[in-house]
Structure formats: C-alpha cells, structure tokens
Amino acid sequence: MGPRVLQLLLILHVLALPVQLYAIPRGNSALIKRLNMELLRLSQDLSEEVNPSVYVALRLSADHSLKKEAQYLQRLKNVFQPSTSSSVAGGQQKQPNTGRLALYLLALRAACQDMDTRQGRQLVTQLKYHLHKEKEQIAFKGNGRPITSYYQYSLGVLALCVHGKKIDPHVIQKLLDAEKHNKFTHGVKLSMDTKAMAGLAFACLKQANLNEPRLVAAISLAIQRVTSSILQAQTTKGTFGNIFSSPLAMQLLIATGMSKNPEFPKGMDALLGSLEQGHFQNPMIMSQLLPVLDGKSYLDIATMECRAEQDTLELDTTCPGSRTVILGTKMITVQLAVENPPSPETLYNHSIQMPSGSSLLDVLRTAAEQGPGQFTFETQNTLHGPLLTAVMGVKASNGERRYWQLLQAPDTSLQKGISDYQPQDGESIILKFSPW
C-alpha cells in the first residue's frame with residue numbers, strides 16, 4: 001500500500017468521525033483576531049527565530065494572509081531544507097532534533113506540500129530515524145527515557161501519523177509503555193504538556209487505524225487513561241495543570257470529541273480570560289492556543305485541502321504588538337540566589353537593581369555585568385525561548401538528567417521561562433540545579 005493511499009485512508013477515516021464543536025462565546029471574536037494578528041506579526045519579524053508551530057497555527061486559523069503565510073513557509077524551508085549552495089557557504093548544517101523536525105513536517109502538511117518527492121521522502125525517513133534512535137535509547141539505558149523527551153517523541157509520532165505514514169509498532173509500543181508506567185513527568189511532577197501531546201499522538205493513531213487489532217486496542221485504552229487523567233487534573237480556575245499547559249490539553253479534548261464535557265467550557269473561559277489579561281506572551285504557547293479558539297487541534301492538519309481559504313487578514317503595521325515590553329521608570333530590587341544541591345553552600349546571593357517590567361533574563365544579564373566573574377550564565381535558543389543551560393560554570397553533562405530550575409523563594413516553580421517572567425519588587429529568585 002503506497003503512502004498516498006495511506007494518507008487518503010487517514011483523511012477519509014477522520015472525515016467520517018462525528019465532530020462535536022464548542023461555540024466560542026459571542027464577543028470574543030476580536031480577542032481571537034488579535035491573537036491571530038499577533039502571530040502573523042511574529043511571522044514577519046525577522047529578528048524572531050522561525051517557528052513551525054507559528055506557521056501551523058496560522059494555517060489552522062479561519063482567517064489568512066496567504067501571501068505572508070507563503071513568505072513564512074519559504075523562510076522555514078530555508079532553515080530546515082537549505083540548498084546545497086547555502087549549506088556549503090554556511091558550513092555544516094546542524095540537524096534539527098526530533099521535536100523541531102516533527103513540527104516542520106506538521107507545517108508542510110498544513111501547507112498541503114507534496115511529500116512524494118525526493119526531499120519529502122528524505123524528511124520522513126529522517127524523522128523515522130530520529131524516533132528509532134530515541135527508541136533504542138529507551139531500551140538501552142533501562143531507565144525508560146528517550147534521547148530528548150517523551151514530549152518530542154510523541155510529537156514525532158503525531159507528525160508521521162498526520163502524514164499518513166506507517167510507524168514502526170515498536171516505536172508506538174514504547175510510547176504506550178511510557179504512558180502505562182507514568183513516565184510523562186518532569187522531575188517528580190506530572191508534565192501535562194507531555195501527557196496531552198502523547199494523547200494527541202494516540203488519538204491520531206486510533207483514527208488512522210493502520211495497526212494490528214492488539215495495538216489499536218492498547219491505543220484506545222491509553223486514550224481513555226490520558227483523557228481521564230487530564231480531566232481530573234482540572235483546577236478550580238478551569239486550567240489543566242497551569243494556564244500554559246492548558247492549550248494542548250484542550251486540543252486533546254477537541255480531538256477526542258470531548259468538547260461537550262462540562263470541563264471544556266470551564267477551560268475555555270480560563271484561556272479567554274488569560275488571553276484578555278495579556279498572560280500569553282510566548283510564541284509557542286500562543287501558537288498552541290489559537291487552534292483551540294478556532295475549535296481545532298493538530299489532528300485537523302491531516303484533512304486540510306488548502307482551497308477556498310479566506311484571504312482576509314491584514315496586518316496593521318502602525319499598531320505595536322502585545323509582546324512589546326515597555327520598561328518602567330521605577331527601580332525594583334530582586335534577590336538572586338544560586339544553589340547546587342547536595343552542596344549546602346549558596347554559590348551566589350545578591351540583590352539586583354532593575355527597572356520595573358524587566359524580565360528574569362534582564363536580571364541575569366545585569367548580575368553578570370555587575371561583577372566580572374562573580375555571576376555567569378549560559379543559554380540555548382529553543383522554540384520556547386532561551387533556555388538556561390549553565391550557571392556559575394555548572395551545566396548538565398551528557399546523559400545527566402539535571403536542569404536549572406527557576407524558583408520563587410522558597411520552592412515555587414516559575415511557570416514562565418527566563419525571557420517571559422517579570423520579577424516583582426522585593427521578590428527572591430532561586431536558580432537551583434535539580435534532577436528531572
């Protein structure tokens with residue numbers, strides 16, 4: 001059975017499923033359009049790293065700026081599929097990890113790109129190879145952990161499934177085993193993002209129905225456990241986990257036809273309220289949110305035809321984006337400490353003076369400038385923003401599952417990254433080297 005036939009079967013199967021749509025409360029259309037416009041503005045900002053997730057969100061939207069979307073797709077191709085000449089000129093091209101490659105494949109399907117080409121087949125083969133190596137790592141180390149994370153592993157499975165590709169049953173089984181044995185954690189806490197992404201992968205696999213009955217039955221049970229766990233995790237505020245993990249959780253509820261459940265409107269109200277208050281500033285989270293507000297999930301990419309689309313979205317270049325940060329004139333004091341357990345010694349503990357509205361990343365930069373050598377840090381660019389990788393020369397070695405945890409003293413984990421979080425006056429921030 002050829003890849004085109006498999007993809008057609010997947011599309012027909014998804015179209016045959018009953019769909020339960022949740023009606024967005026009236027009066028929120030302007031709010032949703034503002035988010036759509038912000039993502040479109042991000043796609044045109046050459047200073048921002050290209051992000052396939054932003055493109056996917058724009059494609060899943062009801063309103064489009066087709067010319068600008070096409071321009072952004074070309075920028076994505078220049079990064080993920082550079083020409084031979086540009087690769088030679090720029091040196092060895094760094095290969096994307098499992099998650100980034102998977103998102104790029106989702107973007108290509110959202111653009112209705114023909115994957116039955118040499119380059120298309122190479123990309124699919126590359127992602128299959130990534131998943132094979134991740135699977136080997138899980139088995140080899142014996143600790144049930146892939147090279148990257150189960151979030152990226154799930155995203156890779158989802159991307160291949162959305163393209164209608166047959167996936168190695170052993171790759172699927174490893175994900176099923178991880179779900180069954182509660183491996184979707186970050187440290188000792190449940191990772192709602194990972195559980196939701198795995199759920200989306202399982203939902204796609206079930207709809208595709210390309211596996212043997214025994215595996216399909218196991219997938220169905222996993223979906224029931226994941227959705228039940230997510231519904232039970234809803235807070236009194238309506239969020240699933242926290243507000244930033246809620247968009248993916250809501251996508252899963254949409255994909256599995258659970259938008260009529262009473263938990264769903266509560267979750268939607270929480271998302272709309274946070275959007276109105278300006279809590280969503282991270283492009284990755286914003287791009288996961290927009291499909292939810294349009295009543296869609298990543299599974300809808302499989303049925304996109306890219307025809308008769310509304311080319312009605314016009315970018316207002318005179319209006320600054322909601323992510324524009326204006327620093328205040330008031331100075332605030334932030335206490336910054338660095339801990340590396342089990343050592344009882346605090347590696348660094350100083351007060352930092354900053355303008356109000358500064359990000360935690362600004363605080364770290366100011367600390368590094370105040371005394372040469374007293375405070376040092378390193379970051380790595382990711383699609384979620386800069387990731388803190390080293391502090392005071394301490395970084396995780398290869399294979400060591402430790403990271404720099406961001407805490408509000410004494411032990412409250414920050415829900416935002418270093419570029420998004422804005423400390424308040426008198427706040428104490430702890431950077432703690434922790435296992436995960």
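**Exercise 1. The strand pairing of β8**

Which residue of β10 does Leu 406 stand opposite? Determine this in the predicted model, and then describe the other pairing of β8.

*Solution.*
Step 1. Begin with the two strands concerned. Strand β8 covers residues 402-408 and strand β10 covers residues 428-435; they run antiparallel and are joined by seven bridges.
Step 2. Locate Leu 406 in this pairing. Its counterpart in β10 is Leu 431.
Step 3. Turn to strand β9, residues 412-413. This strand also pairs with β8 in the antiparallel sense, over two bridges. Here Leu 407 is found opposite Ser 413 of β9.
Step 4. Identify the connection. β8 and β9 form a hairpin, with three residues between them.

**Exercise 2. The sheet of β5, β6 and β7**

State the order of the strands in the open sheet that contains β5, and decide which strands stand at its edges.

*Solution.*
Step 1. Examine β5 and β6. They are paired in the antiparallel sense over six bridges, and a hairpin of two residues joins them. Within this pairing, Gln 380 has Leu 387 in β6 as its bridge partner.
Step 2. Examine β6 and β7. Strand β6 (residues 385-391) pairs with β7 over two bridges, again in the antiparallel sense. Val 391 has Val 394 of β7 as its bridge partner.
Step 3. Assemble the order. The three strands form an open sheet, β5-β6-β7, with antiparallel pairing. Because β5 and β7 each have a single partner strand, they stand at the edges, and one side of each lacks a neighbour in the sheet.
Step 4. Add the helix. Helix α15, residues 360-370, lies across β5 and β6 and runs at about 150° to β5.

**Exercise 3. A salt bridge between two strands**

Which parts of the chain does the salt bridge of Lys 395 and Glu 378 tie together, and are its residues buried, partly exposed or exposed?

*Solution.*
Step 1. Confirm the pair. The side chains of Lys 395 and Glu 378 form a salt bridge with an N to O distance of 3.1 Å.
Step 2. Place the residues. Lys 395 belongs to strand β7 (residues 394-395) and Glu 378 to strand β5 (residues 377-382), so the salt bridge ties together parts 17 residues apart in sequence.
Step 3. Assess accessibility. Lys 395 has a relative accessible area of 46% and is therefore partly exposed. Glu 378, at 38%, is likewise partly exposed.

**Exercise 4. Salt bridges between helices and loops**

How many salt bridges does the structure hold? Analyse the pairs Glu 49 with Arg 100 and Glu 179 with Arg 225.

*Solution.*
Step 1. Give the total. The structure holds eleven salt bridges.
Step 2. Take the first pair. Glu 49 and Arg 100 meet through their side chains at 3.2 Å, N to O. Glu 49 lies in the loop between α2 (29-43) and α3 (52-60), whereas Arg 100 lies in helix α6 (residues 98-110), so that distant parts of the chain, 51 residues apart, are linked.
Step 3. Apply the cut-off for burial, which is under 20% relative accessible area. Arg 100 has 18% and therefore counts as buried, while Glu 49 has 36% and is partly exposed.
Step 4. Take the second pair. The closest N and O atoms of Glu 179 and Arg 225 are 2.7 Å apart. Helix α9 (residues 169-180) contains Glu 179 and helix α11 (residues 213-232) contains Arg 225; the two residues are 46 apart, in distant parts of the chain. Glu 179 is buried at 4%, and Arg 225 is partly exposed at 35%.
Step 5. Include the network. Salt bridges link Arg 59, Glu 69 and Glu 309.

**Exercise 5. The whole chain and its confidence**

Describe the overall composition of the protein, and find stretches where the pLDDT is under 50.

*Solution.*
Step 1. Count the elements. The protein has 15 helices and ten strands.
Step 2. Consider burial and surface. Of its 436 residues, 48% count as buried. About 20,900 Å² is exposed, and carbon and sulfur atoms supply 52% of this area.
Step 3. Consider contacts. Among those between residues at least 6 apart in sequence, 70% join residues at least 24 apart.
Step 4. Check the confidence. The average pLDDT is 88, and 87% of the residues score at least 70.
Step 5. Locate the stretches. Residues 8-20 remain under 50, with 22 contacts beyond four places in sequence in the model. Residues 84-91 are also below 50, and this stretch has three contacts beyond near neighbours in sequence.

Conventions
Residues numbered from 1 in each chain as written. Predicted model: local features only at pLDDT ≥ 70, side-chain atom pairs only at ≥ 80, totals over all residues. Heavy atoms only, no water. Pairing = 2+ DSSP bridges. Helix = DSSP H or I, 4+ residues; strand = E, 2+ residues; numbered from the N terminus. Salt bridge = Lys/Arg side-chain N within 4 Å of Asp/Glu carboxyl O. Buried < 20%, exposed > 50% of the residue type's maximum accessible area, 1.4 Å probe, protein only. Contact = heavy atoms within 4.5 Å. Axes fitted to C-alpha atoms, helices over the stretch in contact; angles between N-to-C directions. pLDDT = per-residue confidence, 0-100. Areas by Shrake-Rupley, 256 points an atom, 1.4 Å probe, with all protein chains shown as cover.
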